[in-house]
Amino acid sequence: MTRAQAAKSSDEYRKGATTLRGSKVPQTTTDQQLLDRGQDADWVHTDPWRVMRIQAEFVEGFDTLAQLGPAVSVFGSARLKPDSEHYAKAVQLARLLVEAGYAVITGGGPGTMEAANRGAREAGGTSVGLGIELPFEAGLNEYVDIGVNFRYFFVRKTMFVKYAEGYVVLPGGFGTLDELFEAVTLAQTRKVTSFPIVLLGGAFWSPMMDWVRDSLLTAGMVNESDVERLTVVDDPAEAVALIVAGDRRIAGGDW
Ligand SMILES: C/C(=C\CNc1ncnc2c1ncn2[C@@H]1O[C@H](COP(=O)(O)O)[C@@H](O)[C@H]1O)CO
């Protein structure tokens, strides 16, 4: 078909601010393309599409948590059983946090997360679980009242920091250490306004703090002020008092 024939046979087509005529008139509309079933679905595994999913996760997280109010993120081992002393402390800690006016945010999983969500629920507070998609995932624990499930660890971690007034970290493994040291690094590099980070469980955390002082501080790899960001306590009430005091200091511009 010649250009002249095309111009004759096709109507003018407007695509936003653009006018197309003749052979430039598309044979399908954008809506038609959207509604057509694609030939293959490989594109769902491409990075540009992943970026959309990542964006969607941020939107879900921000939408769900924006009106949460004051909250504290609680971390600790996913493997603790209800008969563990740390489980009991996490329940008690969450109860006290609720009584002090905080919502409790956890990773939404088993162990310490379940304990903290349980304490928050039992105290009549807001119990939040930010779950993560894992191959061996058990789903959100039964004590979560507001739950969001994430595919991407880094999106989920943003929520823990953004919506918390402080962190309380109970004994745990690699996951817990990762969450702890990410928070300290964010504070150290001033990527986040400094907030209280309390380590609950002296017998577990003191040897790590000794190593931090004896190795990292002695070698000049961290400063005294970096080490001072971490406070070790044994009593959940003390942990809550430190969070409240830190909150007041931040509110007063003294941090
Ligand atoms: C391994 C087990 C369960 C895995 N389920 C988890 N669900 C949610 N969040 C988790 C899970 N495992 C780790 N996390 C995150 O890391 C921290 C605990 O890790 P640790 O290595 O056990 O210390 C925790 O704060 C979560 O945010 C048990 O069946």
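A residue counts as exposed when its relative accessible area is over 50%, as buried when that area is under 20%, and as partly exposed in between. Arg14, with a relative accessible area of 59%, is therefore exposed. The structure described here is a predicted model.

**Salt bridges**

Across the whole structure, a search finds 10 salt bridges. Three of them are listed here.

| Pair | Closest N to O distance |
|---|---|
| Glu12 and Arg14 | 3.1 Å |
| Arg50 and Asp47 | 2.8 Å |
| Arg229 and Asp226 | 3.7 Å |

The surroundings of these pairs can be described one by one. Arg229 and Asp226 are both buried. Glu12, Arg14 and Arg21 are joined into one network by salt bridges that share partners. Within that network, Glu12 is partly exposed, because its relative accessibility is 37%. In the pair Arg50 and Asp47, Asp47 is exposed at 53% relative accessibility, whereas Arg50 is partly exposed at 28%. Arg50 and Asp47 lie three residues apart in helix α3, so about one helical turn separates them.

Helix α3 covers residues 47-65 and also holds Gln55. Gln55 has a relative accessibility of 48% and so counts as partly exposed. The C-alpha atoms of Gln55 and Val155 are 9.0 Å apart in space, although 100 residues separate the two in sequence.

**Strand β3 and its neighbours**

Strand β3 (residues 71-75) is mostly covered, with five of its five residues buried. In a regular strand, side chains alternate between the two faces of the sheet. From β3, Ala71, Ser73 and Phe75 point one way, while Val72 and Val74 point the other way.

β3 runs parallel to strand β4 (residues 103-106), to which three bridges join it; Ala103 in β4 is the bridge partner of Ala71. Together with helix α4 (residues 85-99), β3 and β4 make a right-handed β-α-β unit. β3 also runs parallel to strand β7 (residues 166-169), through four bridges. There, Val72 has Gly166 as its bridge partner.

**Nonpolar cores**

Nonpolar side chains tend to be buried together in soluble globular proteins. In this model the largest nonpolar core has 36 residues, and those with the most contacts inside it include Ile105, Leu130, Tyr167 and Val169. Leaving aside residues up to four places away in sequence, Leu130 touches a set of residues that includes Leu65, Ile105, Val148, Phe150, Met159 and Phe160. Another core, of 23 residues, lies apart from the largest one, and Val74, Ala116, Leu200 and Ala239 are among its members.

Definitions and conventions:
Residues are numbered from 1 along each chain as its sequence is written. This is a predicted model: local features need pLDDT of at least 70, side-chain atom pairs count only at pLDDT 80 or more; totals for chains, interfaces and linings use all residues. Side-chain values use heavy atoms; hydrogens and water are left out. A nonpolar core is a set of buried Ala, Val, Leu, Ile, Met, Phe, Trp, Tyr and Cys residues joined through side-chain atoms within 4.5 Å. Buried means under 20% relative accessible area, exposed over 50%, partly exposed in between (1.4 Å probe, protein chains only). Contact means heavy atoms within 4.5 Å. Helices (H or I, at least four residues) and strands (E, at least two) are DSSP runs, numbered from the N terminus. Two strands pair if DSSP finds at least two bridges between them. A crossover is right-handed if, with the strands pointing away from the viewer, the path from the first strand over the helix to the second runs clockwise. A salt bridge is a side-chain nitrogen of Lys or Arg within 4 Å of a carboxyl oxygen of Asp or Glu.
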